[in-house]
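Open the model in a viewer and keep the sequence panel beside it. The tour below goes from the whole chain to single residues.

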Amino acid sequence: MRIPMHRFKYTKLTKDQIGAKLKPVEGVGPTSASAFTSVLNGKTLKIVTVDGPVLEYKFAANKRLTLREAGKQATAGYGELTLNQIVFFSHLIPGEQKGYNIYIDQKTNLATVFEVWLSSGLKQNAGRPTEFTLDDREVQRQIYFGHVDNGQTAAAKLHHYTNRMTGKGIRWKQDNGIETLELYPSVANTNFVELTRHIDDLGYVAPSDYVLVDDRTIVYNRTECEFSGIHTCFVADLYGPRQVGVRFGFNEKDELEYYMFRGDGKVVGQLAYLEDFDEHGLRPMFAAAPPAAAGVPAVAPTTPPPAPKGARTTYRPVRTFAHMTDAEMQAAADVRTAAFAAPGGAAGPQGATAAGAPPPPLATGNNLPFSDILVGKEFTLRFDNGGPVRDYRIKEMYKLQFRDQKDNVWHDVDYRAYEGDDNLAWFSHIIPDSKPRACVMVAVDFTNGLSTSIESHMGTEYYGNETTYRPVFGVAEMPGLEAPIYVRHELTDELVGNAFSWSYSDQVTSMHLYTSPHSMSWVIFTGAQQLGAEWCSPCIFVKLRPGVYIFCQNEEACNGNQMTELLNTKASHDCGFTFNGGARGVNLGVTGAIGRHIGKFDLLEFYGPKRRA
Amino acid sequence: MKILKLNSRRSFIWTMGAGASAVLASTAGMAGGETATAADPALQVALLQEEKALRKLHQAFEQALNRGLDEEVIGMFADDAEVLFNGGVFKQRNQGVTRLYRDRFRAGTTGRWMAPAPGFELAADQQRDSVEVAADRKSAQAVFPYSIQVGMPLESDSSLLAMARLHGEGVQTWWEGGVYKIAYRKDAAGNWRIGRLEYDTLTRADYRPGKRHARPISVARMARRFPEDPQGPDDLV
């Protein structure tokens, strides 16, 4: 797949189309590259679940089963694979666009039951202006915990949700040759990088559930919501690591994928997870109760209402991202283009709130102070390969003069600068009258004579109100500074696999996980410091000095916002700029955060050009 | 209308219970040189029972707030009640008061009890706790201390906040200490209702449980009325 998933236009398959595609497999069940097992052959099972269905199965030869559920009987094909004491089977129910993936622990007789279905008709944001119906192709799931009723007393402790997978990362290689890098930084999501299905090494995010069977055995699933809607579900033995599971849903070609697999894993690292030690993730995030009264004894006033069937913590940003054309965006930019108009704008340093005022909620509370590092300097930035050549004259802290030697016109503009490392300036300003509206974010190394500029402008081929950025590398020329001829800042993969929490203020923290040389994700902490909602974007990394980098991302197909930070790992601090546009015009702002290193995955061996079959 | 003052320190009441309260009430009545009506033992007992009922009502009010039972809270107000909160007046039980407790407080996780921020505990003389029941037993005024969490949804188009809202967060919270100033009156059925409630905030701090320090903060008073602010007050004071 070449087109990135967040840009791919997945077909809005209808219920009828889905039904027609399911019909041929309902009677035969899933395929598998590995030989099916036959533990269940000839057996009858009654699975009783808590607050869920009672499923009475009769397994016949030739991968056929009969299911009696709520007085209805169905016959279908099924597949079965075992992993240690777990027997896993999967089947559809003819004509219902639903099926079951069931994991039975043969030692304990406990069961985890996934009901999966398509064409859900589920509405999100019901009753609000932003209401929409989920795509029929998006596989829904509901998890039930129960046991096999063999006439004996059921075990008191069922399988349950868990946070024990949080922070782990595993490269899985399936028996069909598919390789996927899966990182589990959140209790509610997965980062996954398709190492064989996709051409690019981009990480994506999908909502997930994690179920603890025993200390070495986890049941897991993810659904690629907002992408193809396909569902992957497996049980993993972490001692191996090994897996058996199923993939069910429609791919980008609208082909039905319904196959079971075995896979072998390789642990690629472990991030810290920061919730309290007595927090075991028993309650899934989608069912989270409202925050308890602070300090009030934890007596549940009433049983929290059950989460709606199929509920999950899914971020669906593009649903509310209004599309603007390039012309609409330019018109808005002409009305209003603001630089540093947020708190601490033209009048003074950011982050300095009025005495006694609550800390600012976003962006600037923990930023670095602005620097006068540029004041009194005149220099030329000459970028390679025919890139821009700009002269700068800077006499004061918040205003500078520059000219592009191409048009030889001096401009007076607002700017903000940081000293991101010793004698290393990091500043930004708007390019006046630019069409599309543009800005630059520039690192100038006054020790080494090097410069990198992130050249940004409004508009991508998808949205007028998304930004496009590119790095250009070159030198800084000024009296007393010798610019190198060959040495340059350069794109880097040194940060890949690292995770940092970034606290922009005391109220807003997210964790960045640098998933590949070209992508990252951000994960939101709950009040209990559990990592929850997550999303992802492409990005780039530039190395300025050892431990000092530029990180630049655009929240593509999300809100189009660009964030570009100078990241100093020695100080665990970043500082930088935001650039975005919309109906209210274009804004160049500042941002910065205090960081904590949360851990690192070893991922680099999986990236780069590959030999492909 | 004669008012019998049943003043007491909350801590004292907690320690000594209703019996002590009765003694205090009786003492207050006699020491104040009230009329024979006020000294009437039967009336004293009746007033003490009313006081007890009002204390229970306030206890129920706080518990309902703690448990997020907005409808129970709203149900304690008179039809034409009003609430003063941070410079805004919310009028009418089914309109402004409902808007305050069901919408504004829920969105901001406001109103729930919270231990005082360290170093910001109210002084003893600020922890007023009194119930004054009118001699006709149809109205009363009370002051009770509070120590609550107050919050405000963070307003931003930021994806971080949009995602935080998925898990019920994205709210900036702080601690407030002060006193409730409450006017009660009986409805036609003889049940006590809150006619007017004022949050008289004495101190605020940037604090949440578990933090070892806090700093004072100021909070902007409400500046927009309903419907310009969908959760706003009917009037500004």
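What share of the contacts in chain A with a separation of 6 or more comes from residues 24 or more positions apart? Such residues account for 54% of those contacts.

**Whole chain**

Start with chain A shown as a trace, and keep in mind that this is a predicted model. Along its principal axes, the C-alpha trace spans about 85 × 60 × 45 Å. A compact globule of 613 residues would have a radius of gyration near 25 Å, and the 27 Å of chain A agrees with that. Buried residues make up 50% of the 613 residues. Colour by secondary structure next: chain A has 2 helices and 39 strands.

**Confidence**

Now colour by pLDDT, the predictor's confidence in each residue. The mean for chain A is 91, and 93% of its residues reach 70 or more. Select residues 289-303 of chain A, where pLDDT stays under 50. For this stretch the model has 25 contacts beyond four places in sequence. Then select residues 343-363 of chain A, where pLDDT also stays under 50; here the model has 57 contacts beyond four places in sequence.

**The barrel**

Select β2, β3, β4, β5, β6, β7, β8 and β11 of chain A. In the order β2-β3-β4-β5-β6-β7-β8-β11, these 8 strands form a closed barrel with antiparallel pairing. Neighbouring strands of this sheet are turned by 30 degrees against each other on average, direction ignored.

Zoom in on β2 (residues 44-49) and β3 (residues 54-60) of chain A, antiparallel strands joined by 5 bridges. To see one pair of residues there, pick K46(A), which stands opposite E56(A) in β3(A).

**The open sheet**

Move on to β22 to β30 of chain A. How are the 9 strands of this open sheet ordered? The order is β25-β24-β23-β22-β30-β29-β28-β27-β26, and the pairing is antiparallel. At the edges stand β25 (410-414) and β26 (416-421) of chain A; each has a single partner strand, so one side of each is left without a neighbour in the sheet. On average, neighbouring strands here are turned by 25 degrees against each other, direction ignored.

Within this sheet, look at β22 (residues 378-383) and β30 (residues 467-477) of chain A, which run antiparallel and are joined by 4 bridges. R382(A) has V475(A) in β30(A) as its bridge partner.

**A loop after β30**

Follow the chain on from β30 towards β31 (490-491) of chain A; the loop between them holds E482(A). Is E482(A) buried or exposed? E482(A) counts as exposed, because it has 9 C-beta neighbours inside 10 Å, and the cut-off for exposed is 12 or fewer. Measure from E482(A) to L450(A), 32 residues apart along the chain: their C-alpha atoms are separated by 9.3 Å.

**Helix α2**

For the last stop, select helix α2 (residues 326-335) of chain A. Its buried residues are M329(A), Q330(A), A332(A) and A333(A). Seen down the axis of α2(A), they fall within an arc of 160 degrees, so they line one face of the helix. An α-helix has 3.6 residues a turn, so residues three or four places apart point the same way.

Turn the helix around: on the other side of α2(A), A327(A) and V335(A) are exposed. To see what covers the buried residues of α2(A), add strands of chain A including β21 (337-339), β29 (450-458), β38 (573-582) and β39 (585-601). Among them, β29 also belongs to the open sheet.

Notes:
Residues are numbered from 1 along each chain as its sequence is written. Chains are lettered from A and ligands numbered from 1 in the order in which they are written. This is a predicted model: local features need pLDDT of at least 70, side-chain atom pairs count only at pLDDT 80 or more; totals for chains, interfaces and linings use all residues. A residue is buried if 20 or more other C-beta atoms lie within 10 Å of its own, exposed if 12 or fewer, and partly exposed in between; C-beta atoms are placed from the backbone. The arc is that of the directions from the helix axis to the C-beta atoms. Two residues are in contact if their C-beta atoms, placed from the backbone, lie within 7 Å. Two strands pair if DSSP finds at least two bridges between them. Axes are lines fitted to C-alpha atoms, for helices over the stretch in contact, and angles run from 0 to 180 degrees between N-to-C directions. The radius of gyration is taken over C-alpha atoms; the globule rule is 2.2 Å times the number of residues to the power 0.38. pLDDT is the predictor's confidence in each residue, from 0 to 100.
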